[in-house]
Amino acid sequence: FCTGNCPSSVLFKMAAERLPQKKFYRQRAHANPLADHAIDRPVKPEDVDWKEFFAEEFCTGNCPVNFLDVGCGYGGLLVELSTLFPTKCIMGLEIRVKVSDYIKDRITALRSQNPGQYGNISVLRTNAMKYLPNYFRRGQLEKMFFLYPDPHFKGKKHKWRIINPTLLAEYAFALAIGGLVYTITDVVEMHEWMVTHLTAHPLFARVPDPELAADPIVEKLYQSTEEGKKVYRNKAAGQNHGDGDVRVAVFRRVAPSHPPLTFPDH
């Protein structure tokens with residue numbers, strides 16, 4: 001290619017096409033979601049320029065995001081779903097700086113290596129427990145993913161869990177009627193916690209297991225992410241947090257059983 005000094009433009013192109021290495025982006029696995037992470041955010045979804053995240057053909061109207069991976073880690077599910085649903089915009093949310101930087105560089109490299117592909121996935125560094133309504137409108141999401149969420153074992157940290165009654169109200173707000181929430185974990189206590197809270201919420205209903213068999217996404221949940229691969233490595237070595245089983249539960253956003261309240265004009 002370059003027998004002498006390479007032009008900077010060539011070096012930049014070569015760097016952009018090279019997939020990043022995780023060892024340069026490592027960061028501690030846990031972050032306090034209630035701490036002040038100095039994260040910039042818009043006042044409302046209309047303030048976001050989505051062309052910064054997706055290929056231009058996906059940004060012809062309002063926020064184009066259809067699927068949302070909350071706590072997306074190193075972006076494995078985003079990459080898997082990108083080609084499976086090429087017409088859908090898929091956003092990952094990640095609070096850790098270095099990890100979100102890795103995903104950005106990974107997507108940039110994939111787009112360079114595969115022209116015309118992967119323009120429908122992106123990552124946003126933000127805190128889903130605080131700023132979800134700043135980015136997403138009522139009823140716009142079709143699917144949300146919570147893959148191997150941090151179980152926060154200590155009782156005093158249960159308020160940090162990404163599934164709780166307060167946050168479920170926000171997820172129900174952002175999900176369209178019929179939209180799906182996918183959960184997976186290898187920690188039985190966390191599985192029971194998520195199932196209990198989602199079942200108790202009036203705007204969610206569990207999807208029966210036979211119906212999941214026909215969903216092509218379900219098989220992608222197990223080992224598409226870095227955390228999922230780690231779970232199965234630990235499972236083989238007998239080092240899992242829980243009993244070694246991986247449990248999936250999917251819930252559908254349903255309409256309220258009663259009409260919304262109305263108030264007389266004064």
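Start with the aromatic rings: when Phe, Tyr and Trp rings count as paired if their centres lie within 6.5 Å, the count comes to nine aromatic pairs. Keep in mind as you click around that this is a predicted model.

**Stop 1: Trp50 and Phe53**

Select Trp50 and Phe53 and show their side chains. Their rings make a tilted pair, 5.5 Å from centre to centre, with 50 degrees between the planes. Are these two residues buried or exposed? Trp50 is buried, with a relative accessible area of 5%, and Phe53 counts as buried too, at 14% relative accessibility. The cut-off for buried is under 20%.

**Stop 2: Tyr74 and Tyr102**

Now pick Tyr74 and Tyr102. Here the ring centres are 5.2 Å apart and the planes meet at 75 degrees; angles over 60 count as edge-to-face, so that is what this pair is. Trace the chain from one to the other and you'll see that the pair links distant parts of it, 28 residues apart. Tyr74 sits in the loop between strand S1 (65-70) and helix H2 (76-84), while Tyr102 belongs to helix H3 (residues 97-113). Tyr74 is buried at 8% relative accessibility, and Tyr102 is buried with a relative accessible area of 5%.

**Stop 3: a ring cluster**

Go back to Trp50 and Phe53, and add Phe54, Tyr135 and Phe136 to your selection. Ring pairs link these residues into a cluster.

**Stop 4: a pocket**

Leave Phe53 selected, since Phe53 is also one of the residues lining the second largest pocket. How much space lies in this pocket? About 170 Å³. To see the lining, add Glu52, Ile103, Lys104, Ile107, Thr108, Arg111, Ile121, Ser122, Val123, Leu124 and Arg125. The elements that give two or more residues to this lining are H3 and strand S3 (121-125).

**Stop 5: helix H6**

Next, select helix H6 (residues 188-200) and try the distance tool on its end C-alpha atoms: they are 18 Å apart. At 1.5 Å a residue, the 13 residues of H6 should span 18 Å, so the two values agree.

Which residues of H6 are buried? They are Met190, His191, Trp193, Met194, Val195, His197 and Leu198. To see what they pack against, colour helix H5 (165-174), strand S5 (175-185), strand S6 (204-206) and strand S7 (247-253).

**Last stop: Arg161 over Trp193**

Zoom in on Trp193, one of those buried H6 residues, and show Arg161 as well. Arg161 lies over the face of the Trp193 ring, 4.6 Å from the ring centre.

How values were computed
Residues are numbered from 1 along each chain as its sequence is written. This is a predicted model: local features need pLDDT of at least 70, side-chain atom pairs count only at pLDDT 80 or more; totals for chains, interfaces and linings use all residues. Side-chain values use heavy atoms; hydrogens and water are left out. Rings of Phe, Tyr and Trp (its six-membered ring) pair if their centres lie within 6.5 Å; planes under 30 degrees apart count as stacked, over 60 as edge-to-face and the rest as tilted. Buried means under 20% relative accessible area, exposed over 50%, partly exposed in between (1.4 Å probe, protein chains only). Helices (H or I, at least four residues) and strands (E, at least two) are DSSP runs, numbered from the N terminus. A charge sits over a ring if NZ of Lys or CZ of Arg is within 6 Å of the ring centre and within 35 degrees of the ring normal. The expected span of a helix is 1.5 Å times one less than its number of residues. Contact means heavy atoms within 4.5 Å. On a 1 Å grid over the protein atoms alone, a cavity is a set of points where a 1.4 Å probe fits but cannot get out, and a pocket is an open set with protein on both sides within 12 Å along at least five of seven lines; lining residues have an atom within 4 Å of a point. Grid points are joined across faces, edges and corners, and a volume is the space filled by probe spheres set on the points.
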